[in-house]
Amino acid sequence: MMKGISASWGYSIGYVLLKEEQAVNVQDNCNINLGQELERLKRAVEVSKKQLEELREKVAKEIGESQAQVFDSHLTLLEDPEFVGAAEKEIIISCKRAENAINDIMNTYIDIMTGIEDQYLKERSVDIKDIGNRIIMNLTGNFNNPLTHIRENTVIVAHDLTPSDTAQLDKNNVAAFITDIGGLTSHTAIMARALEIPAVVGLQDITSRVKNGDMVIVDGITGEVIINPEEPVIQEYRAKQAEFEAGKSKLRELIGRKIITKEGKYIEISANIGSLAELEKVLEYGADGIGLFRTEFLYMDRNTMPDEEEQFEVYKKLVLKMEQKPVIIRTLDIGGDKGLPYLSTPIEMNPFLGYRAIRLCLDRKDMFKTQLRAILRASYYGNLKVMFPMISTLEEFIEAKNLLLECMMDLKQEGYNYNENIETGMMVEVPSAAVLADEFAKLVDFFSIGTNDLIQYTLAVDRTNEKISHLYNTMDPAVLRLIKMTIEAAHKSGKWCGMCGEMAADESAIPLLLSYGLDEFSMNPVSILRTKQIILDHMESKNT
Ligand code: PEP
Ligand code: MG
């Protein structure tokens, strides 16, 4: 048995199809015709562009717009004169064949990116590989991709999957994905969740432990993978799988059901999203609201900052689509594991402790005010709230709130409409904010506990480091105590407290969070119905 990171729920029992790493057809570089090689490269890049545009359209139709957006960054890279230009230089200076030149440049990029202590960039190196391999394929005519024709019940095993791999797969025949590398934010993980196909990532060396045709059990709940299991184990998992699937269709009955406790308290079950495309799932699963809109995705995969008008349109669409349900927009939470090329933020020794989120926004007030103005203008159209990330001192919250008030005054003078009483809250994701929660509670309208970060800062465990993931303990008493203190402090001041970290959907934590009096649970939309069921089961068990 091997254990990795559970990236998408469910159970699968299927047969291995190994995605082999593509070996480049390295040929002798002698006697090449430079002009011909440059022309071959140019043509291969053009063909690749066309293929990517087609894939983008296919993924947008079959999976969703937000998943399709990854191809936009691929297309941008193909148009980036640095990448293709570097390969051209290799051809001219080192007299290389086009395929060898691209292969060498691709590997240099990958080496640089995987060497950077930035999980986001590390995971994006897979994009470079994807594009590089596509150009090579178009140069060599080697289109042998075993993933395009797969048999029923196939478990795809790969070092990591590229966006093109997943776009080409026949999803109906994929039983599960398992990979050597990757974390919860890797492409494989995101795609698997969107497709609701079980996935386990970060298994280290699964590709060298299995061979084609092996039977494997993938437990997307615990992150376990069992290779060539014995019959009784297969039976055990068939039963689990059947129970899970039956539960899933039964869960649909909970769509639209409100959770009200015996004491008459309404508990809101909301969704975390990062783009308008994800609204489809929010509406499908009947979320009570949006507990976290991660705005950083608006700023990523592009070369310039989104302006006020563009942001306003997005926030307005969001709040209108949600009708009068609450929508919490979190201001830009960039830095740490999420960089922005055009902000040219410096490389830091400790990015998670560095120049990020509210710290960066308070330093770049013009950029911050653009966002605040867009949020305020959209607040006129529905039940919009604003929330600041990574607040660690009282002064930071006060300064951010003052900027919001300043923006209100400017907008008033300019004749714009906005909600003057917009609820203003903060994420509690730094231990200092939890420790001083009673003081913060006097200033805010609400708290939302960000356990993803709160756990990493409390226990000093990098949330993206697979080597120490065993220390990242959601149920550590220190973490639990901070959560309890935060909820109690909010209630003492008559404020409400939600949670938008992954813990809000964690079965083992939910009963405790209910007993602490958490008012709102916000999560990946796919987890909403399951969480409602867990809460209802818990409430029922207390009654009996
Ligand atoms: C968190 O830290 O718990 C959170 C919800 O924010 P993010 O995962 O975007 O850092
Ligand atoms: Mg966070």
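**View 1. Ile13 stands opposite Ile217 in strand E7.** This legend, like those that follow, describes a predicted model. The pairing shown here joins strand E3, residues 11-18, to strand E7, residues 215-219. The two strands run in the antiparallel sense and are connected over five bridges.

**View 2. Eight strands form an open sheet with mixed pairing.** The order of the strands across the sheet is E1-E8-E7-E3-E4-E5-E6-E2. Strand E1 (2-3) and strand E2 (5-8) stand at the edges. Each of these two has a single partner strand, so one side of E1 and one side of E2 lack a neighbour in the sheet.

**View 3. Ligand 1 takes up the space of the largest cavity.** A total of 14 residues surround ligand 1. Those that come nearest are Arg294, Arg330, Gly450, Asn452 and Arg463. By character, the residues of the shell comprise seven charged, four polar and three nonpolar.

**View 4. Polar side-chain atoms of Arg330, Glu429 and Arg463 face oxygen atoms of ligand 1 at distances of 2.9 Å, 3.0 Å and 2.8 Å, respectively.** For Arg463, the side-chain partner is an N or O atom. Taken alone, ligand 1 exposes 290 Å², and the protein buries 98% of that area. Arg330 and Arg463 also belong to the group of residues that come nearest to ligand 1.

**View 5. Strand E11 and helix H19 contribute to the shell around ligand 1.** Strand E11 covers residues 290-294, and helix H19 covers residues 451-459. Each of these two elements supplies at least two residues of the shell. Which element gives the most to the shell around ligand 1? Helix H19 does, with three residues.

Conventions:
Residues numbered from 1 in each chain as written. Chains lettered and ligands numbered in written order. Predicted model: local features only at pLDDT ≥ 70, side-chain atom pairs only at ≥ 80, totals over all residues. Heavy atoms only, no water. Near = heavy atom within 4 Å. Polar contact = N/O pair within 3.5 Å; in protein donor to acceptor, adjacent residues only side chain to side chain. Areas by Shrake-Rupley, 256 points an atom, 1.4 Å probe, with all protein chains shown as cover. 1 Å grid on protein atoms, 1.4 Å probe; cavity = no way out; pocket = protein on both sides within 12 Å on 5 of 7 lines; lining within 4 Å. Sits in = over half its atoms within 2 Å of the grid points. Helix = DSSP H or I, 4+ residues; strand = E, 2+ residues; numbered from the N terminus. Nonpolar A, V, L, I, M, F, W, Y, C, P; charged D, E, K, R; others polar. Pairing = 2+ DSSP bridges.
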